[in-house]
Amino acid sequence: MMVQQQLMNRILTELLQQGMTLPASSSQSSGGIMMDNFLNSTSVVPEFVGASQTGDTIGMCIPSVDAILLDHLHVSKKFTVIGVLSSRTGAGPQIMAMDEAVKATNTEVIDVEWPRDTKGGAGHGVLILIGGYDPSDVRSAIQVALDNLSRTFGDVYNSAAGHLELQFTARAAGAVHMAFGAPEGKAYGLICGAPSGIGVVMADTAIKTAGVDVLSFASPSHGTSFSNEGTVHISGDSGAVRQAVIAGREVGLKLLAQLGEKPVADFPSYIR
Amino acid sequence: MMVQQQLMNRILTELLQQGMTLPASSSQSSGGIMMDNFLNSTSVVPEFVGASQTGDTIGMCIPSVDAILLDHLHVSKKFTVIGVLSSRTGAGPQIMAMDEAVKATNTEVIDVEWPRDTKGGAGHGVLILIGGYDPSDVRSAIQVALDNLSRTFGDVYNSAAGHLELQFTARAAGAVHMAFGAPEGKAYGLICGAPSGIGVVMADTAIKTAGVDVLSFASPSHGTSFSNEGTVHISGDSGAVRQAVIAGREVGLKLLAQLGEKPVADFPSYIR
Amino acid sequence: MMVQQQLMNRILTELLQQGMTLPASSSQSSGGIMMDNFLNSTSVVPEFVGASQTGDTIGMCIPSVDAILLDHLHVSKKFTVIGVLSSRTGAGPQIMAMDEAVKATNTEVIDVEWPRDTKGGAGHGVLILIGGYDPSDVRSAIQVALDNLSRTFGDVYNSAAGHLELQFTARAAGAVHMAFGAPEGKAYGLICGAPSGIGVVMADTAIKTAGVDVLSFASPSHGTSFSNEGTVHISGDSGAVRQAVIAGREVGLKLLAQLGEKPVADFPSYIR
């Protein structure tokens, strides 16, 4: 047996040298297998705050942004201290994570932009800019957002054919307001399916389940960056919004599974 | 020899356990190796009609759509019975398949949307909504469209560097009219190459071959969702349109092959 | 040892037959491992000029474009001789390469279009159309551009998480002017990072380093085709522009490395 294991190791080493790839990270998915957190590493770039393999998300802080650059950025309000949260995969999870961060710090979300990304998947990535008066506040907000990603990716389900995303907050703040037009202080829910037709049926089921306000329905040619997602944004009473989100999730999981593979999340669900 | 085969199997098992991937399905391509049809499976979601691995296409029917959701959808005409055909890869093939479906049923195409998708490839996916008066009509239309995919993917050719798509119908109906602006009742042809420059030369060759009407030329920044496709849409006499499509295909296959690999289709060609 | 090597070869052959893939080409990257140039192959399509594995770039020339097609193309000026440079990955490198080509020939850039591509990566591909009076001039321009790709891809750095692109010319010509709004005859620099937040910090560092004119800052929702790139375009004194580009590169390499992997270029850097 020992000999066989040695042989296996030798073969594996040789194959890896020849370039065979093992899936060290699930780069195609809307999540990432593990929360490989590089926070507080010995970076020599002072702007760096932290990074996470989850969504390939990087957080930075510019303590005093160049005035000319600031004029060319598309921000809703000008600050000299700028925080940056940027990812290849996500949008929803990072926005929800940042919503907690702005509640906890003296900072404001001043820009949310939507690349069509997900590394070949069906969704977006995101670029979030925040402003503040004190670099330590802004760094702290970026850190809080990074720390929240393992929670807000809890209801992102992936399969080879597509993905689902569910989000819920009992009290929306500035990030959710700027990104999705949700009224601040009220409960907010996001129900998303990809390919986008799954999101249409999820939305229909969710809205029929409980009395909620429909903020908007986003689809490939309307309200997305040409992503292949159907997403309904809802607001209202906390219990009703939660119930609608859960109903949308149930039908979405069954429909996406029809495309060949059970969708799975990388983190535990937070919406119960 | 037996011992060697046993060793091979043991090695393969071990490598697969360590996460090595074998190409079970060609998820990157604009088609899919086989028509793995899940139709009539024992789904517990009543809206589900059918699904196909070809283009990762799913078909659904909402017998009585929520009135508030309907207000938020971008449909050309309001129906309470809504059919949904949604895919990660394609657009053209699903639209042509739906064109046959609306000819065969009492249904109408009320929305065509264009995600930038193809799972990392150069093209689109699609979201098609249809409306009808009777759920069984709408389910039947979605079923007809799914059944047509193995035909309409017949002239989709893929290589690692790009793809070609050719489509032809002797008589365009509502899906082709809504999606491409083709006059109903006349012959219609689609000639597409990716990367997009190949489509420019295919279009030039096709138009010079036969006297046809040029409806439009779509390119990355004009008339696509930033896909890397050059596509000419033509209309006119059936024989001339067919001849132009075939001429475009011939030059496209030669040009795409110059990027290193012979393009191949997953299904038999239907344009002869 | 000989026996072991034979065993290895047998195993490798068997695995490859079973479909295991070895990375023959880095199809996901913004470059391509080697400059596999198919120029002057025995193509039977007369429009074909050349192709390169670098960025999956193909060059063609239409000696006398169809008049109806010309009406449907989105060109700034009408020529009957049209050159086409089209790629899955790049944009910046092909535009810089074409900038040298138009300096060296009697041709003009008449269209630059931006697919959202990079084969699942974070950036664009490109479609460039040029016009001229003589097919041999136009073919020559396309050839010059293809020959320049191994230089202009010299400061494109890739990792699994994203990429960086740096470009510099001491004297901008028509391609850079049309694509980026750079004043002709002056030095021009491009500083780009993906995911896009990295580009924000690179831009801030670059502009603070030297006195340059900021032409624009492009981000996912402004001035890109929803790519996940942050890009500052600068102009001005040659020494200052070069210094700013180099400073942006330095901080970008450190930030992108924080997402898990050292970024690497496929060709030698040309900006020193």
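This is a conversation about how some features of a predicted model are named and recognised.

Colleague: How do you know that residues 48-159 and 160-267 of chain A are the parts to treat as domains?

Modeller: That comes from the UniProt record, an unreviewed entry, whose annotation "domain: BMC circularly permuted" covers residues 48-159 and 160-267 of chain A, and such annotations may be inferred rather than shown by experiment. In the model, residues 48-159 of chain A are 33% helix and 31% strand, with end C-alpha atoms 32 Å apart, while residues 160-267 of chain A are 38% helix and 28% strand, with end C-alpha atoms 18 Å apart.

Colleague: What makes a space in this structure count as a cavity, and how many cavities of 30 Å³ or more are there?

Modeller: A cavity is a place where a 1.4 Å probe fits but cannot get out, and the structure holds six of 30 Å³ or more. The largest cavity has about 130 Å³ of space; 13 residues line this cavity, and the closest to its centre are R116(A), G120(A), R116(B), G120(B) and G120(C).

Colleague: What kinds of residue make up the lining of the largest cavity?

Modeller: Glycine counts as polar and arginine as charged, and on that division the lining has six polar residues, seven charged and no nonpolar.

Colleague: How do you know that helices α6 and α7 of chain A pack against each other?

Modeller: Two packed helices are described by the angle between their axes and the distance between the axes. For α6 (residues 196-209) and α7 (residues 238-257) of chain A, the angle is about 145 degrees and the axes are 8 Å apart, and the crossing is right-handed. Contact means heavy atoms within 4.5 Å, and by that test residues including I198(A), V201(A) and M202(A) in α6(A) meet residues of α7(A), among them A247(A), G248(A) and V251(A). The residues of this contact divide into nine nonpolar, five polar and no charged.

Colleague: Why is the bond between A194(A) and P195(A) called cis?

Modeller: Its omega is about 0 degrees, and the bond is cis, whereas most peptide bonds are trans. P195(A) is in the loop between β8 (187-194) and α6 of chain A. A cis peptide bond with omega about 0 degrees also joins A194(C) and P195(C), and P195(C) lies in the loop between β8 (187-194) and α6 (196-209) of chain C.

Colleague: What makes A91(B) worth pointing out?

Modeller: Most residues other than glycine have a negative phi, but A91(B) has a positive phi, near 80 degrees. A91(B) is found in the loop between β3 and α3 (92-104) of chain B.

Colleague: Which residues does T80(B) touch, leaving out those up to four places away in sequence?

Modeller: With heavy atoms within 4.5 Å as the test, T80(B) touches I62(B), P63(B), S64(B) and V65(B). T80(B) is placed in the loop between α2 (67-72) and β3 (81-87) of chain B.

Notes
Residues numbered from 1 in each chain as written. Chains lettered and ligands numbered in written order. Predicted model: local features only at pLDDT ≥ 70, side-chain atom pairs only at ≥ 80, totals over all residues. Heavy atoms only, no water. Helix = DSSP H or I, 4+ residues; strand = E, 2+ residues; numbered from the N terminus. 1 Å grid on protein atoms, 1.4 Å probe; cavity = no way out; pocket = protein on both sides within 12 Å on 5 of 7 lines; lining within 4 Å. Points joined across faces, edges and corners; volume = space filled by probe spheres on them. Axes fitted to C-alpha atoms, helices over the stretch in contact; angles between N-to-C directions. Left-handed = near helix turned anticlockwise from the far one by under 90°.
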